[in-house]
Amino acid sequence: METDCTTNTPGNIHYSDDMSAPDHDPGKMFIGGLSWQTTPESLRDYFITFGDLKECIIMRDPNTKKSRGFGFITYTDPTRVDGVIAQGVHRLDGKQVDPKVAFPRKAQPKPVTRTKKVFIGGITAQTTLEDINNYFGKYGKVEDSMLMYDNITKRHRGFGFVTYESEDIAEKVCEIHYHEINNKMVEAKKAQPKEVMQPVPNQRVNQRMAQPRPTLGFPTGGLPQWSNDHTALFNAYASLLYKPGQPAYSYHPAINIYKR
């Protein structure tokens, strides 16, 4: 069993992402800060001195198979957990370890949407809109269907949408999830509205973007009154570059000094 956990929870409570058991086992503990040399046997040998254990595991990287530096133990008698916590300092294989009570983390609720529109993905290039209608029409009346096409190649892009007259029919199709059309498994899932699929925009970024941008000292909103007055434009720009002690510059209409 590979479980990813968070170890920076304050106090003596650790929240685990292990939701395999429907109810929390009060005798389960998270053991953090394990040495790379610690084995399940040495972990058991140490903590069994506080009471009988019915589970003892060290979490390992699925690729390297090396210890990830933490594990779990479960006492047969949950009251033994109090004895482990009460001792305070625990050292195993020359390293101080950090035992905490393990509580399962509550799963984040997913947005629940009711829709009549179903996304169909994984469609073969040979599949036509008629094939889609013939297959998905078996589940109920189809109000609308479409295949999404590439504007350049004029071929469909391998996905489309089917809209039923009833949300219940769409629910049933999505619960089956995979459907076989033309010897190819396609995926059916709810077509999510944009406000569900897109991340919430950063309010601070939006506020910053909404602010008027500076125009190098020129009046905000442009210079309609100066649009054709090059002299005024140049003199305003030159004033930005002027520093005390330096000669000022101004613009004058060109004079042909070589004209005789």
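This tour goes from the whole chain to its sheet, its cores and a few single residues.

**Before selecting anything**

The model is predicted, so that local features are described where pLDDT is at least 70 and side-chain atom pairs count only at pLDDT 80 or more, while totals for chains, interfaces and linings use all residues. Residues are numbered from 1 along each chain as its sequence is written, and side-chain values use heavy atoms, with hydrogens and water left out.

**The whole chain**

Show the chain as a cartoon, and you can follow seven helices and eleven strands; these are DSSP runs numbered from the N terminus, with at least four residues of type H or I for a helix and at least two of type E for a strand. Of the 260 residues, 30% count as buried, where buried means under 20% relative accessible area, exposed means over 50%, and partly exposed lies in between, for a 1.4 Å probe and protein chains only. Among the contacts with a separation of 6 or more, 61% are between residues 24 or more positions apart, a contact being heavy atoms within 4.5 Å.

**The five-stranded sheet**

Select strands 7 to 11, which form an open sheet in the order 8-9-7-11-10 with antiparallel pairing; two strands pair if DSSP finds at least two bridges between them. Strand 8 (142-149) and strand 10 stand at the edges with a single partner strand each, so one side of each has no neighbour in the sheet. Neighbouring strands are turned by 30 degrees against each other on average, direction ignored; the axes are lines fitted to C-alpha atoms, for helices over the stretch in contact, and angles run from 0 to 180 degrees between N-to-C directions.

Next, select helix 4 (residues 167-176), which packs on this sheet and touches strand 7, strand 9 (156-164), strand 10 and strand 11, its direction making about 130 degrees with that of strand 11.

Now look at strand 11 (residues 184-190), which is joined to strand 7 (residues 117-121) by four bridges and pairs with strand 10 (residues 178-181) over four bridges as well. Glutamate 187 of strand 11 is a good residue to pick, because it stands opposite glycine 121 and is also the bridge partner of tyrosine 178. In strand 11 you will also find alanine 188, opposite isoleucine 120. The hairpin of strand 10 and strand 11 has two residues between the strands, and asparagine 182 in this hairpin takes a positive phi near 55 degrees.

**The nonpolar cores**

A nonpolar core is a set of buried Ala, Val, Leu, Ile, Met, Phe, Trp, Tyr and Cys residues joined through side-chain atoms within 4.5 Å. The largest has 17 residues, and those that touch the most other members are Met29, Ile31, Leu34, Leu43, Phe47, Ile73 and Tyr75. Among the elements that give two or more residues to this core are strand 2 (28-32), helix 1 (40-47) and strand 4 (67-75). Leucine 43, leaving aside neighbours within four places in sequence, has contacts that include Ile31, Cys56 and Ile73. A second, separate core of 16 residues includes Val118, Tyr135, Phe136 and Val162.

**Two lysines in loops**

Finally, select lysine 65, in the loop between strand 3 and strand 4, where phi is near 65 degrees, a positive value in a residue other than glycine. Most residues other than glycine have a negative phi. Lysine 65 is exposed, with a relative accessible area of 55%. Lysine 154 lies in the loop between strand 8 and strand 9, has a positive phi near 65 degrees, and counts as exposed at 60% relative accessibility.
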